[in-house]
Structures are given as structure tokens and as C-alpha cells.
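Let's take a walk through a protein model together. Please have your viewer open and follow along.

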Amino acid sequence: MGALRMTPRARLGRLLNSGLHRAMAEDDSVYVLGGDVADPRGGAFRITAGLSKAYPSRVFGTAASEAAVVGVANGLALTGEKAIVEITSDGFVAQAFDQILNMSSRLVSMYGRTLPIHLVVRCPMGSGRGDGGAHGRSLQRHFLGVPDLHLFELSPVHDPGEQLAAAIGLGRPSVLFEPRSLYGRYPLASRAEPGVEVTGPFGESRWMRLVVAAGAGGPSGAAEVTVFCAGGTLDRSVRAARALAATGVTVQLFVPSRLFPFDLEPVTGFVGPGGLVSVVDDGPGPAGWASAVAAGLATRLWGTLRKAPVLLSSAPSVVPAAQELESRVVISSAEIARRLARELRTP
């Protein structure tokens, strides 16, 4: 129940910063690297603020070469240290893709025995800030399925410090995707969201379950709609669920801490026979995390579902900088609610 222990007075960006401080205080083998991570700036979004003052020998502000930075981090991890790399913004992680794909993930097993590789690549990403074109994208799909590479995503219902600690302690390279729109967001606690019941976590992916019930009463009864979504789309999915609840439809949502590899077994039992299942992805369709989850759900629940899982994703387009145009590309709460209502009406 990690998410419910978070104080609503601390925003997620601040909690992530606290998690970094805690990790470095508790383990002197943890290093932080990246452009502008040192004070006074403390990273592009000030997530690393204060670290270089507290741990000057283990925080390195680097040149703007993501491949070089992850290469150095790979060397640290290979020698038994723990490295955390901050990528300034989403698109720049592509510059480090060769290092992550061909080195980070392979270091685990390429030497004839399994080696613990403690490497976390933090990647701010996502839309909602009006900086599309060069930024504003969701690139998780490009890292899916890489052996020994674990993917996490910041979420309003998971403690960022716990997510970071889990990624550091894996002994496997990982990418922590951080939707920038969530940095200023307060954690979602049941008392802060009337009518939303939050339970979990379930399984190794640490799924959290949210129930938005129809009517004025508290969450109860079987859900007619089940939505699987990543952290960056949770707020939009909850707003869509509220719109459906106002029409008499109870909705349950599942959001993971770990995107990949994901475990569906602990949560498929919550999906009742004849229910409608949907997967929401902030990235452009059709390939990506949503497709992988939908395929897994169809395999496990075929014959019991109302119909095949419904994939909802952003349009296959570059994200525009103008917010009015951005809203036509990025999947919205209104579009999620509209599509689910339509699917409920059709056999």
C-alpha cells in the first residue's frame, strides 16, 4: 500500500528528489550523472537539486552526449557501482539507445555468468507542456522486449522513492520513464479523490487498482469496464471513468509501477465475465505497451470478455507544439470516455 502512505502535501517531483537523496545517503556506491544535474540548476526539472552539494564526489554534471554518459554509467555498473543517469528530455534518450540496447542489457549475461548491473536511466517524457516537435513524446515502445531491460513509469499512485529504490536494487539495467506533467502533481490518495477506491499493490509489477463506482455511493459491485493504463495516462483515465460513472457504469483501473516485464496473472481475476477491457497508451498506436498488454489479456481471458481488448492510444503523429493542435494528437480523457461508451453500446 505504498501509494497510500504518501503525504498529499509533497508533490511527486519533490518525492523523487527525496528518493534520490535517500538512495545516495544509504549507499555510497550510488552515483548520479547527466547534463546540468549539479547545483545550482539541479537538473532540467530540479529533480537532482541538492545532490551535488551533499555528495560532491558522486554527482557528475556532464557534457551533452547521452551515449557517452550512459557509456560511463555502464562502466560504473560493470565494476559493481550503482549508476543513475538523467536524460534531459525524452527525445535525447534516442542518442543513448545503442548503449542501452547493445551494452547495458547485454552486460548482464555476456561474460559467461550472470552479473548484477545496477543502472537506472531516468527519462523525463510526455506531452502537456507545449514543447512538442522536439520533445513531448512517449518513447516506451522502443525499449519494450529487450532482454534483461526493465521499464518503470512514474505514477500518481506509486511512491517515486520506492520505484527508484526498486529499480536501483534490481541488479538489472532499467529505464524510469517520468511524465513531466506529473512532477508538480500531488500523489493520489483516496481521501483526496472522493469516490475513488485505491487498493494494491498486486504482483511484481505492483499494480494498483482504482475503482470509480456508478452513482453517489462508494465503490462497490462488479466493474463493467476495466482500464489498464500507465502512470502518465492515469489522470485522464480517471476523468474518463468519472464521466462513465455519471452514466451508471462502474469502472476499475489498473496502473503498474513496472511496465516491462509485466505480470498480468495477479490482476486478471478482477475482470468479470462479459466485461469490457481497454488498454490506454500515451504513445502513438498501434504498436507499443498497450498492444503487448492487450495481447496478454486476450490470451488469458479469451472467451470470457465482452469483446477483444480495446486499444486507445495517441494518433500516429509528431506531437505539435501548439496546445490546441497537441490536444488533437494526444489521447484525451474525453476521447477515452467517448470510445468506451461507444464500445459499451455495440455488441
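What follows is a tour of charged pairs, cysteines, a helix, a loop residue and a surface patch. Keep in mind as you read that this is a predicted model.

Let's begin with the charges. Side chains of opposite charge can pair when their charged atoms come close. How many salt bridges does a search of the whole structure find? The search turns up 11 salt bridges. One of them joins the side chains of Arg122 and Glu178, with N and O 2.6 Å apart. Arg122 belongs to strand 4 (residues 118-125) and Glu178 to strand 6 (residues 174-179), so this pair ties together parts that are 56 residues apart in sequence. Are these two residues buried or exposed? Arg122 counts as buried, at 1% relative accessibility, and Glu178 is buried too, with a relative accessible area of 0%. The pair also has company: Glu86 is linked with Arg122 and Glu178 in a network of salt bridges.

Next, look at Glu204, which forms a salt bridge with Arg258; their closest N and O atoms are 3.5 Å apart. Here distant parts of the chain are linked, with Glu204 in the loop between strand 7 (196-202) and strand 8 (207-212) and Arg258 in strand 11 (residues 258-260), 54 residues apart. The partners sit in contrasting surroundings: Glu204 counts as exposed at 61% relative accessibility, whereas Arg258 is buried, with a relative accessible area of 9%.

A further salt bridge is formed by Arg300 and Glu265, whose closest N and O atoms are 3.4 Å apart. Since Arg300 lies in helix 8 (residues 289-301) and Glu265 in helix 7 (residues 265-268), the pair ties together parts that are 35 residues apart in sequence. Arg300 is partly exposed, with a relative accessible area of 42%, and Glu265 is exposed, at 57%.

Now for the cysteines. A disulfide is a covalent bond between the sulfur atoms of two cysteines. In this model the count of disulfides comes to zero. Why is Cys123 not in a bond with Cys229? The sulfur of Cys229 is the closest cysteine sulfur to that of Cys123, yet it is 19 Å away, which is too far for a bond; the cut-off is 2.5 Å. Cys123 counts as buried at 1% relative accessibility, and Cys229 counts as buried at 0%.

Turn next to helix 10 (residues 333-345), where a little geometry is easy to check. At 1.5 Å a residue, its 13 residues should span 18 Å, and the end C-alpha atoms are indeed 18 Å apart. The buried residues of this helix are Ser333, Ile336, Ala337, Arg339, Leu340, Glu343 and Leu344. Which elements help to cover the buried residues of helix 10? The cover includes strand 9 (225-229), helix 6 (234-245), strand 12 (276-284) and strand 13 (310-314).

Ala96 is our next stop, in the loop between strand 3 (82-86) and helix 4 (97-107). Despite its place in a loop, Ala96 is buried, with a relative accessible area of 0%. Beyond its neighbours within four places in sequence, Ala96 is in contact with Glu66, Ala67 and Val70.

We finish at the surface, where Leu78, Met110 and Tyr111 form a nonpolar patch with about 290 Å² of accessible area together. Of these residues, Leu78 lies in helix 3 (residues 66-78) and is partly exposed, with a relative accessible area of 36%.

How values were computed. Residues numbered from 1 in each chain as written. Predicted model: local features only at pLDDT ≥ 70, side-chain atom pairs only at ≥ 80, totals over all residues. Heavy atoms only, no water. Patch = residues over 30% accessible without salt bridge, like charges linked within 9 Å, V, L, I, M, F, W, Y side chains within 5 Å. Areas by Shrake-Rupley, 256 points an atom, 1.4 Å probe, with all protein chains shown as cover. Salt bridge = Lys/Arg side-chain N within 4 Å of Asp/Glu carboxyl O. Helix = DSSP H or I, 4+ residues; strand = E, 2+ residues; numbered from the N terminus. Buried < 20%, exposed > 50% of the residue type's maximum accessible area, 1.4 Å probe, protein only. Contact = heavy atoms within 4.5 Å. Expected span 1.5 Å × (residues − 1).
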